[in-house]
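Please open the structure in a viewer and keep the selection panel at hand. The tour proceeds from one selection to the next.

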Amino acid sequence: MSIPASPQPTDRAADRTGASVTDRLVEANERYAAAFKDPGMDARPVLEVAVVACMDARIDLHDALGLELGDCHTIRNAGGVVTDDIIRSLTISQRALGTRSVVLIHHTGCGLLSLTEDFRHELAAEVGQRPTWAVEAFKDLDEDVRQSMQRVRTSPFLLHTDDVRGFVFDVTTGLLREIDPQD
């Protein structure tokens, strides 16, 4: 499998004035900040939950889960897999900021279903340096959710591992399907 070429600019990526996506985001932030009022909350999530999910742009986690600003910590990466950096973030979330529950969300149509570790080898051949990270690709969504739950439950750094639940989000229906950790 070869590394996909970078996408070409589209009308969504740059408007007719030549503004970049980043320029558009900065302008949107200026409009946001003009009306912004400090909500007066701290970094501790009201619901004491951390949600780990894939970075896929089709998933609006707050809407999908009925969450409001301040309700949870949201931690995202490619695939929503539990890596060392996810454990790092969860550890800080629990030990410094009071979360007690962990929700893991993978999704249908994930790009990691079609990648392999060959991606790393091709990348190393292209740039002349081997990545220090694993792709963490998988072929079975349910099994990878179980593996992620197990990684959280067995981490010695986490204080709260009794309320860890895993789900698969269907990108065509918007529904969550819970994964039994024992299957």
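Select glutamate 117: this residue is partly exposed, with a relative accessible area of 30%, where partly exposed denotes the range between buried (under 20% relative accessible area) and exposed (over 50%), for a 1.4 Å probe and protein chains only. The model is predicted, so local features need pLDDT of at least 70 and side-chain atom pairs count only at pLDDT 80 or more, while totals for chains, interfaces and linings use all residues. Residues are numbered from 1 along each chain as its sequence is written, and side-chain values use heavy atoms, with hydrogens and water left out.

Add arginine 120, which forms a salt bridge with glutamate 117, the closest N and O atoms being 3.6 Å apart; a salt bridge here is a side-chain nitrogen of Lys or Arg within 4 Å of a carboxyl oxygen of Asp or Glu. Arginine 120 is buried, at a relative accessible area of 13%. By this rule the count comes to seven salt bridges.

Next, select arginine 177 and aspartate 142, another salt bridge, with 2.9 Å between the closest N and O atoms. Because arginine 177 lies in strand β5 and aspartate 142 in helix α5, the pair ties together parts that are 35 residues apart in sequence. Helices (H or I, at least four residues) and strands (E, at least two) are DSSP runs, numbered from the N terminus. Arginine 177 is partly exposed, at 41% relative accessibility.

Move to arginine 165 and glutamate 178, whose salt bridge has its closest N and O atoms 2.7 Å apart. Here strand β4 supplies arginine 165 and strand β5 supplies glutamate 178, so the pair ties together parts that are 13 residues apart in sequence. Arginine 165 is partly exposed at 40%, and glutamate 178 is partly exposed at 41%.

Now display the strands. Five of them form an open sheet of mixed pairing, in the order β2-β1-β3-β4-β5; two strands pair if DSSP finds at least two bridges between them. The edge strands, β2 and β5 (176-179), each pair on one side only. Within the sheet, β3 (residues 101-107) and β4 (residues 164-169) pair in the parallel sense over six bridges. Arginine 165, in β4, is the bridge partner of valine 103.

Select helix α5 (residues 141-153), which lies across β3, β4 and β5 and runs at about 155° to β4. Helix α3 (residues 84-97) lies across β1 (49-54), β2 and β3, at about 170° to β2. Axes are lines fitted to C-alpha atoms, for helices over the stretch in contact, and angles run from 0 to 180 degrees between N-to-C directions.

On β2 (residues 72-77), select histidine 73. Histidine 73 is buried, at 16% relative accessibility, and its side chain reaches the backbone oxygen of alanine 43 at 2.9 Å. Beyond its neighbours within four places in sequence, histidine 73 has contacts (heavy atoms within 4.5 Å) that include Val49, Val51, Ser93 and Leu97.

Finally, which cysteine sulfur is closest to that of cysteine 54? The sulfur belongs to cysteine 110, at 4.2 Å, too far for a bond. Cysteine 54 is buried, at 5%. The sulfur of cysteine 72 is 16 Å from its closest counterpart, in cysteine 54, again too far for a bond; cysteine 72 is buried at 12%. With a disulfide defined as a pair of cysteine sulfur atoms within 2.5 Å, the count comes to zero disulfides.

Conventions
A polar contact is a pair of N or O atoms within 3.5 Å; within protein, one must be able to donate a hydrogen and the other to accept it, and residues adjacent in sequence count only if both atoms are side-chain atoms.
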